[in-house]
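Colleague: Before I rely on the descriptive terms used for this model, I should like to hear the reasoning behind them. Please take me through the grounds for each.

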Amino acid sequence: MPELPEVEVVRRGVADHAVGRTVASVEVLHPRAVRRQPGGAPELAVRLAGRTLVAARRRGKFLWVDLDDGTALLAHLGMSGQLLVQPAERPDEKHLRVRLRFLDDGSELRFVDQRTFGGLTAVDTVSSDGERVPLPVEHIGRDPLDPAFDLEAAVGAYRRRRTELKRALLDQTLVSGIGNIYADESLWRARLHSLRPTARLTRPDVRKVLTAAHEVMTESLAQGGTSFDALYVDVHGDSGYFSRSLAVYGREDEPCLRCGTPIRRSAFTNRSSFWCPTCQRVPRRT
Ligand SMILES: [Zn+2]
């Protein structure tokens, strides 16, 4: 599943290669990819035809394109969705689901999705935290890479919650964009255990873990994203390299990069948590 740095890589690709262009036509090759559009493929085609792509934007892992009539095209990448900018003469990908052609007859914007959990939806926008965002993004918090991200407000919101730290990190309404991989990496960097109760954390502790999240995602972005999932690629089909730089995620029984203690794996909901039992002490039960 793509995490924030991967989505940001895709956003930049769309911004560089599709923004400023006007949609000529929309071709839906699989109805599942437009199932969130109430009127299905015909509605998507009508809403997009003739529209110019104004900006490619993101909040957390939500990615969308602003259109020149004030609406937006929201991309759900799901588990395996890809947005590719491809030369028109390039043969269709096996799992091509939606194709946008532009008036300039140049490259196409293609939505490719092997597992078809993702899709495209043309949506109306609403005002949220001082800007227009697609309706489904209304309650999503800003992410640590957002220039308008308010660290101190986020620290306060965490400490008011009655939950465990990793659950708070994954709560997209508090701070968005932190998924399972980056939560584990951030906790390890901040030397905090995932089960620490948020209400008993100090402000410096919360600041430390959110700053770590910012760092780890910035570093990942510099390397083109994690691409832990081989399906994940940028708009040109290239994958990132950050998975080689992960300190704990996926490293069960390998030595902690700080202290040498073997990394542990624990069950977390239907996924896993990776952590160092020396650097990240398990909280005492009270
Ligand atoms: Zn350690």
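The exchange below concerns a predicted model and the terms applied to its helices, sheets and one tryptophan.

Colleague: What makes helix 1 agree with its expected span?

Modeller: Helix 1 covers residues 4-17, which is 14 residues. At 1.5 Å a residue the helix should span 20 Å, and its end C-alpha atoms are 20 Å apart, so the two values agree.

Colleague: Why is helix 1 described as largely enclosed by the rest of the structure?

Modeller: A residue counts as buried when its relative accessible area is under 20%. Ten of the 14 residues of helix 1 are buried, and the helix is therefore called largely enclosed. Among the buried residues are Leu4, Pro5, Val7, Val9, Val10 and Val14, and also the charged side chains Glu6, Glu8 and Arg11.

Colleague: Against which elements do the buried residues of helix 1 pack?

Modeller: They pack against strand 2 (53-59), strand 3 (62-67), strand 5 (81-86) and strand 7 (108-113). Helix 5 (180-190) and helix 6 (203-222) are also partners of these buried residues.

Colleague: How do you know which strands are at the edges of the sheet with the order 2-3-4-8?

Modeller: This is an open sheet of four strands with antiparallel pairing. Strand 2 and strand 8 (119-123) each pair on one side only, and these are the edge strands. Neighbouring strands of the sheet are turned by 20° against each other on average, direction ignored.

Colleague: What makes strand 2 and strand 3 a pair?

Modeller: Pairing requires at least two bridges. Strand 2 and strand 3 have six bridges in the antiparallel sense, so the requirement is met. Within this pairing, Leu53 stands opposite Leu67, Ala55 has Asp66 as its bridge partner, and Arg59 has Phe62. The two strands form a hairpin with two residues between them, where Gly60 takes a positive phi near 60°. Helix 1 packs on the sheet by touching strand 2 and strand 3, and its direction makes about 175° with that of strand 2.

Colleague: Why are strand 2 and strand 3 each called largely enclosed?

Modeller: In strand 2, five of the seven residues are buried, so the strand is largely enclosed by the rest of the structure. In strand 3, five of the six residues are buried, and the conclusion follows for that strand as well.

Colleague: How do you know that strand 3 also pairs with strand 4?

Modeller: Four bridges join strand 3 and strand 4 in the antiparallel sense, and the requirement is at least two. Asp66 stands opposite Ala72 in strand 4. These strands form a hairpin with four residues between them, and Gly70 in the turn has a positive phi of about 90°.

Colleague: What is the order of the strands in the other open sheet, and which are its edge strands?

Modeller: The order is 1-6-7-5, with antiparallel pairing among the four strands. Strand 1 (23-28) and strand 5 each pair on one side only, which places them at the edges. The twist averages 15° from one strand to the next. Strand 1 and strand 6 (residues 96-102) run antiparallel and are joined by five bridges; Glu27 has Arg99 of strand 6 as its bridge partner.

Colleague: Where does helix 2 lie with respect to the strands?

Modeller: Helix 2 (residues 40-48) lies across strand 3, strand 4 (72-76) and strand 8, at about 55° to strand 8. Helix 2 also lies across strand 1 and strand 6, running at about 170° to strand 1.

Colleague: Which values describe the packing of helix 3 and helix 6?

Modeller: Helix 3 (residues 151-160) packs with helix 6 at an angle of about 120°, and their axes are 9 Å apart. The crossing is right-handed. Leu151, Val155 and Tyr158 are among the contact residues of helix 3, and Val206 and Leu210 are among those of helix 6. By class, the contact has six nonpolar, two polar and four charged residues.

Colleague: Why is Trp275 called buried?

Modeller: The relative accessibility of Trp275 is 9%. The cut-off for buried is under 20%, and Trp275 therefore counts as buried. This residue belongs to strand 12 (residues 271-275). Its contacts include His193, Val248, Ile263, Arg265 and Val282.

Conventions. Residues numbered from 1 in each chain as written. Predicted model: local features only at pLDDT ≥ 70, side-chain atom pairs only at ≥ 80, totals over all residues. Heavy atoms only, no water. Expected span 1.5 Å × (residues − 1). Buried < 20%, exposed > 50% of the residue type's maximum accessible area, 1.4 Å probe, protein only. Contact = heavy atoms within 4.5 Å. Axes fitted to C-alpha atoms, helices over the stretch in contact; angles between N-to-C directions. Left-handed = near helix turned anticlockwise from the far one by under 90°. Lists of a residue's contacts leave out its neighbours within four places in sequence.
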